[in-house]
Amino acid sequence: MAEPDAGTKLTLLGDTDTVSPDALPDLYAYPEPLSRCWVRSNFITSLDGGATLDGVSGGLAGPGDRALFKVLRELADVVLVGAGTVRMEHYGGAVLSAAARAARQRRGQAELPPIAIVTASGRLDRDMKVFTASEVTPIVLTSADVAVDTRSRLSGVADVLSCSDRDTATVDLGVVLDRLAAKDLLRVLTEGGPTLHAAFIESDRLDELCLTIAPTLVGGSARRIATGPGQIDAGYTRAHLIADDAGYLYTRYVRA
């Protein structure tokens with residue numbers, strides 16, 4: 001039998017105290033105080049690494065994951081999403097209970113976080129659900145080349161911001177975070193998709209990953225939670241690990 005690596009400590013995670021739903025907001029609280037945007041991502045994956053089932057991430061979710069999804073949205077100042085995910089997942093505006101809204105107000109936050117959409121092309125239709133079914137005006141973060149046209153087309157339904165740096169045809173994530181910070185939207189929650197998530201990873205701007213592991217295998221050609229050309233070796237520290245009776249694992253990793 002091979003000897004274990006020197007210094008490696010293995011821990012068998014067994015039964016622990018039950019985590020009350022009321023404790024989740026404290027367990028997932030953003031660092032305080034914040035002087036810049038803190039980017040947290042929330043994803044779900046199958047045991048074999050698939051980020052979708054039948055093309056959408058919601059097919060992997062269970063009741064516990066849906067409950068945590070709401071908690072993470074309750075804590076965020078803004079929900080940041082790529083345009084492809086908005087289309088595929090049929091995004092609408094954030095919906096929170098009266099109790100969650102009251103908790104946000106006590107923390108000094110707006111009642112609801114806006115949805116912020118990243119799109120270099122600006123190709124978004126006014127009749128998309130994210131614009132027609134939202135209590136809060138969505139934010140569109142687009143390239144300088146198309147910002148004027150996009151702002152004209154989406155007038156009255158979105159707040160369109162130009163977010164390019166030197167390359168005026170692309171969206172620069174550093175500029176995106178600067179624009180959000182200028183609006184005092186520091187607690188950022190990104191829900192993907194894989195391309196936007198990869199961009200945050202490759203630019204070394206992801207502070208935290210909340211990853212749900214679903215107790216299922218999907219096979220096929222399902223995408224990973226990050227899909228992009230670049231690679232980076234960034235270290236993260238496990239903040240906690242939660243399990244439920246359905247076999248789901250809820251992990252939280254924070255930048256080391």
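**Ala102 and helix H4**

I started with Ala102, which counts as partly exposed at 27% relative accessibility. The model is a predicted one, and I read each entry below with that in mind. I placed Ala102 in helix H4. I also took one distance from Ala102: Leu161 lies 59 residues away in sequence and 29 Å away in space, C-alpha to C-alpha.

Next I went through the rest of H4, which spans residues 98–106. I listed its buried residues as Ala100, Arg101, Ala103 and Arg104. They sit on the same side of H4, because the arc they cover around the axis is only 160 degrees. I noted the general rule here: an α-helix has 3.6 residues a turn, so residues three or four places apart point the same way. On the face turned away from the buried side I found the exposed residues Ala98, Ala99 and Arg106. I then looked up what the buried residues of H4 pack against, and wrote down helix H2 (63–75). Just after H4, I recorded a positive phi of about 85 degrees at Gly108.

**Nonpolar cores**

I turned to the largest nonpolar core, which has 58 residues. The members that touch the most other members are Tyr28, Leu80, Phe131, Leu141 and Leu180. Helix H7 (residues 173–182) gives the most to this core, with 5 residues. I noted a second, separate core of 5 residues, with Phe43, Ala51, Leu209 and Ile225 among them.

I picked Leu80 for a contact list, leaving aside its neighbours within four places in sequence. Its partners include Ala116, Val118, Leu141, Val176, Val188 and Leu189. I also noted Thr190, Glu191, Gly192, Leu196 and Phe200 in contact with Leu80.

**Thr119**

I found Thr119 in strand S3 (residues 115–119). Is Thr119 buried or exposed? I entered it as buried, because its relative accessible area is 5% and the cut-off for buried is under 20%. Leaving aside neighbours within four places in sequence, I listed the contacts of Thr119 as Ala83, Leu124, Val140, Leu141, Thr142, Ser143 and Val171. Leu141 is thus a contact of Thr119 and also a contact of Leu80.

**Surface patch**

Last, I looked at a nonpolar patch on the surface, formed by Leu13, Leu241 and Leu249. Together these residues have about 240 Å² of accessible area. I placed Leu249 in strand S9 (residues 249–255). I entered Leu249 as partly exposed, with a relative accessible area of 32%; patch members need over 30%.

Technical notes:
Residues are numbered from 1 along each chain as its sequence is written. This is a predicted model: local features need pLDDT of at least 70, side-chain atom pairs count only at pLDDT 80 or more; totals for chains, interfaces and linings use all residues. Side-chain values use heavy atoms; hydrogens and water are left out. Patches are made of residues with over 30% relative accessible area and no salt bridge: like charges are joined within 9 Å, nonpolar side chains (Val, Leu, Ile, Met, Phe, Trp, Tyr) within 5 Å. Accessible areas come from the Shrake-Rupley method with a 1.4 Å probe; for residues, only the protein chains shown count as cover. A salt bridge is a side-chain nitrogen of Lys or Arg within 4 Å of a carboxyl oxygen of Asp or Glu. Helices (H or I, at least four residues) and strands (E, at least two) are DSSP runs, numbered from the N terminus. Buried means under 20% relative accessible area, exposed over 50%, partly exposed in between (1.4 Å probe, protein chains only). The arc is that of the directions from the helix axis to the C-beta atoms. Contact means heavy atoms within 4.5 Å. A nonpolar core is a set of buried Ala, Val, Leu, Ile, Met, Phe, Trp, Tyr and Cys residues joined through side-chain atoms within 4.5 Å.
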